[in-house]
Amino acid sequence: RVKMDKEYSLRDRKRAKQKVSLANEFVDRLRSEAFEDIVVKDICTSVDVSEGTFYNYFDKKSDVMMFFRDLSFAKMTWALHKGSYTNVFEKLLLFVDILSDTLTHPHVFYEFASVAIKEKMKEEKVFLSEVELVVAFPGCDGIINFSGYSPLRLFGEIVEEALLSGEITVSQEEAVRALHVMMIGIPLSLEEKNFDNLKEAY
């Protein structure tokens with residue numbers, strides 16, 4: 001069932017805004033700093049909250065990245081479902097466009113990949129509240145319907161469509177794995193100076 005965006009209390013909006021602002025500030029710093037060098041106190045100073053507030057929302061620094069990852073994927077999935085396409089191949093091309101527009105800075109992507117490997121981040125989802133999604137993406141009507149999406153879930157839906165339409169003949173598991181490897185592997189294969197060519201590489 002499609003849920004509609006609704007009004008939220010000032011308290012809930014304030015908490016969501018703080019959490020989203022902390023994540024945005026953290027990821028902005030990844031453009032020029034290594035994950036290990038980012039200091040929580042500095043993040044809090046920039047956002048004008050206490051360190052205690054930070055740890056009310058996140059147990060550790062990598063949790064911020066997982067929260068931002070899931071916010072970003074909710075936005076990508078929302079954009080994909082809003083897009084126009086006539087077959088699964090066009091849907092994949094649209095996803096590539098959206099993904100390329102999201103992965104705009106190579107150092108951020110490299111740091112995300114590095115931390116994910118070190119901390120063995122899996123497909124577990126971070127819980128995203130409706131108000132967090134609405135505050136993070138105020139112009140995206142209906143985005144609250146996409147908080148539970150992960151790459152594997154989205155790819156599973158795309159592959160299932162392709163199988164039903166006869167556009168692919170390999171197994172669903174093989175196709176989903178290939179799409180997942182492509183999403184992560186192609187950016188990693190590019191030299192930083194060539195990251196602007198990500199869309200063409202996909």
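Is Cys140 buried or exposed? I looked this up at the start, keeping in mind that the model is predicted, and found that Cys140 is buried, with a relative accessible area of 7%. I then turned to Cys44, which is buried as well, at a relative accessible area of 2%. My search of the whole structure for disulfides returned zero.

Next I noted the overall layout. I recorded 10 helices and zero strands, so that from the N terminus on the elements read α-α-α-α-α-α-α-α-α-α. Along the principal axes, the C-alpha atoms fill a box of roughly 55 × 40 × 25 Å. I compared the radius of gyration, 18 Å, with the value near 17 Å that a compact globule of 202 residues would have, and the two agree.

I went on to the interior, where 43% of the 202 residues count as buried. The largest nonpolar core holds 57 residues, and those with the most contacts inside it are Leu22, Phe26, Leu30, Phe95 and Tyr202. Several helices each supply at least two residues of this core, including α1 (10–29), α2 (40–47) and α9 (172–189), while the largest share, nine residues, comes from α4.

I followed Leu22 further: leaving aside its neighbours within four places in sequence, Leu22 is in contact with Ile43, Cys44, Val47, Val49, Phe54, Tyr57, Phe58 and Val64. Apart from the largest core I found another, of five residues, among them Tyr8, Val131, Val134 and Ile144.

Last, I looked at the surface, and noted that the protein exposes about 11300 Å², of which carbon and sulfur atoms supply 53%.

Terms used. Residues are numbered from 1 along each chain as its sequence is written. This is a predicted model: local features need pLDDT of at least 70, side-chain atom pairs count only at pLDDT 80 or more; totals for chains, interfaces and linings use all residues. Side-chain values use heavy atoms; hydrogens and water are left out. A nonpolar core is a set of buried Ala, Val, Leu, Ile, Met, Phe, Trp, Tyr and Cys residues joined through side-chain atoms within 4.5 Å. Buried means under 20% relative accessible area, exposed over 50%, partly exposed in between (1.4 Å probe, protein chains only). Helices (H or I, at least four residues) and strands (E, at least two) are DSSP runs, numbered from the N terminus. Contact means heavy atoms within 4.5 Å. A disulfide is a pair of cysteine sulfur atoms within 2.5 Å. The radius of gyration is taken over C-alpha atoms; the globule rule is 2.2 Å times the number of residues to the power 0.38. Accessible areas come from the Shrake-Rupley method with a 1.4 Å probe; for residues, only the protein chains shown count as cover.
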